[in-house]
Amino acid sequence: VSELGIDPDGPVRFMQQHIALDYVMRVSPVSAHFADQLREGRIVGQKCPSCGLVYVPQRGFCPMCVVGMGPADEVDVADRGTVTSFTLLTPIQYHGQQEREEYALASLLLDGADGTVGQQRIVDVPLDQIRMGLRVEAVWAEPDKRGEGDRAGFGFGEAITGWRPTGEPDTDREHFKDHVL
Amino acid sequence: VRDVAIVSFAQSPSLNGVTETESQMLFPVVVEALERSGVARADIGFTCSGSADYLAGQSFAFVSNLEVAGAWPPISESHVEMDGAWALYEAWVRLQHGDVDTALVFSSGISSRGDLREVLCLQNDPYYLMPLWADHVSLAALQARAVLEARGLDELALAHVAARSRRAAQDNPFAQVSGDERADTLAEEPYVVAPLRAGDCPPVSDAAAAVVLVAGDRAREVCERPAWIRGIDHRTDPHYPGVRDLTVSASTRLAGQEAGVGDAPIEVAELAAAFSHEELVLRDALDLDDTVEVNPSGGALTANPVMVTGLIRIGEAFRQINEHGKHRTLGHATSGPCLQQNLVCVLEGDD
């Protein structure tokens, strides 16, 4: 009988069951188009022809109005914006964990967009200086490093490696108070 | 019971390998169903959807699917981790409350991103069947063998179902497979899992569908030929296939009785028989004789978007009344291995 009280000759009381499911994710045409523009160094959103809200990344239809958005609705969005919310992550060293040091992910309200982009890496600033209202700009990967991974269709893929402070004065809270989640 | 009618139905073509996201796949379908219904999106009183995130391997896809319902300002909605036919059932129950008159039902499924024969193992009980990875095609084959032996039929009986379904699907632009092969040709195909051959098994399908329900006289105001839900019921057999008589479907029989299938002749039955032998079992359980036209759409053998197949059956039964002048039809949906859980919906036109 082992320390855990398991008797190898006794009745089965526990069983381990490993389940692995493999999926092939496909990139939607909307995401592939957005990724192509990212590789050109452009962040292009879609402006709803009905309510005028600007969505980035592109999503193909406005979830508020349920009307389609396509190439005719594209608008350029700045590669800079405001931290509306953030979290500091302390990586637990579970299997597969790539992170070793504490780091920050933030929600960003890009200039020209009406919704935040979540889970963006904040770089080149001490963690205790990250704050709501902080102005940041994109750190673009070299053009030849904006790889196929960007076509995964989630956020900015590999084209933007992080966001660093611009040094501009903080954005007034009034401007982003509806975007803190 | 309050009278509730289906006033519109829309579906996407079934295909293997959709590139759109689940919500992008749903978007045109829901828009089309609403446009055809004559009910403005803002006038929808209740929304219910059916899907399973395990299929596409995307957690919380069922939440982003709500984007096609325009969920701001907040709407009254619900979701079932089941075929959209059960979402329709919940919407029908919700309309019985009497305080809202309209409901939007939609469902979606992207089966092609994973291995369906692995993913559907997770619907089995975790102690006895799951560790065996008893996949749904193998379980269906066990049932098919039992059905053939109990009825004294040979495998050609299965091929006849397959051939008729594939012929019917030639006229259905939303079907995924079709053909005019003879039954004896299909009976020479190699086995997938004996006694089931390629024609006896459904394709792996991605698709979406949507239905709009309206209660009372308002249904006639918005729709020229609404299809009234005269009866709807769902019943469940025991989960473990080993304790069931797989040659019959007691739950379908009970659901059919409760839904009033036998109260008057049925002209068209759309059955969610995803394997050839399941049609034989379901025909018996619902007492459908040769006068009943079964699966003029081609049925689940020719397009089987898991989580959508049953809602499409009800939608096709609606189309038979709304577009083809039939008076009394039924749609059937199923869930679980070997026809474990079954829903029957009887529809009637006004005349």
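**Note on cavities, pockets and cores in a predicted model**

1. The largest cavity has a lining of 13 residues, and those nearest its centre are Gln11(B), Asn172(B), Ala303(B), Ile312(B) and Arg313(B). The model is a predicted one, and this cavity encloses about 70 Å³ of space. Helix H12(B) gives the most to the lining, with 3 residues, while by class the lining holds 4 nonpolar, 7 polar and 2 charged residues.

2. How many cavities of 30 Å³ or more does a search of the whole structure find? There are 2 of them, and the second largest holds about 40 Å³ of space. The residues that line this second largest cavity are Arg41(B), Ile44(B), Thr47(B), Ala69(B), Ile75(B) and Leu104(B), which divide into 4 nonpolar, 1 polar and 1 charged.

3. Turning to the open spaces, the largest pocket has about 1700 Å³ of space, and of its 49 lining residues the ones nearest the centre are Pro57(A), Arg59(A) and Thr116(A) together with Ser64(B) and Glu67(B). Two or more lining residues come from each of H1, strand S2 (54-55) and strand S8 (117-121) of chain A, and likewise from helix H1 (22-37) and helix H3 (61-64) of chain B. S8(A) supplies the largest share, 4 residues, and the whole lining counts 22 nonpolar, 19 polar and 8 charged residues.

4. The second largest pocket has a volume of about 680 Å³, and among the 31 residues lining this pocket, Leu120(B), Gln123(B), Val306(B), Met307(B) and Gly336(B) are the closest to its centre. Elements giving two or more residues to the lining include helix H6 (136-151), H12 and strand S11 (328-335) of chain B; by class the lining divides into 19 nonpolar, 9 polar and 3 charged residues.

5. The largest nonpolar core has 35 residues, of which Ile6(B), Leu88(B), Leu213(B), Ile229(B) and Leu347(B) touch the most other members. Among the elements that give two or more residues to this core are strand S1 (4-11), helix H4 (84-96) and strand S12 (341-348) of chain B, with H4(B) giving the most, 7 residues. Beyond its neighbours within four places in sequence, Ile229(B) is in contact with residues including Val4(B), Trp92(B), Leu213(B) and Cys345(B). A second, separate core of 33 residues includes Val137(B), Ile266(B), Leu288(B) and Val294(B).

6. As to confidence, chain A averages a pLDDT of 90, and 95% of its residues score at least 70. Of the elements of chain A, helix H1 (residues 29-39) has the lowest mean pLDDT (90), whereas strand S5 (residues 74-77) has the highest (98).

How values were computed: Residues are numbered from 1 along each chain as its sequence is written. Chains are lettered from A and ligands numbered from 1 in the order in which they are written. This is a predicted model: local features need pLDDT of at least 70, side-chain atom pairs count only at pLDDT 80 or more; totals for chains, interfaces and linings use all residues. Side-chain values use heavy atoms; hydrogens and water are left out. A nonpolar core is a set of buried Ala, Val, Leu, Ile, Met, Phe, Trp, Tyr and Cys residues joined through side-chain atoms within 4.5 Å. Buried means under 20% relative accessible area, exposed over 50%, partly exposed in between (1.4 Å probe, protein chains only). Contact means heavy atoms within 4.5 Å. On a 1 Å grid over the protein atoms alone, a cavity is a set of points where a 1.4 Å probe fits but cannot get out, and a pocket is an open set with protein on both sides within 12 Å along at least five of seven lines; lining residues have an atom within 4 Å of a point. Grid points are joined across faces, edges and corners, and a volume is the space filled by probe spheres set on the points. Ala, Val, Leu, Ile, Met, Phe, Trp, Tyr, Cys and Pro count as nonpolar, Asp, Glu, Lys and Arg as charged, and the others, Gly among them, as polar. pLDDT is the predictor's confidence in each residue, from 0 to 100.
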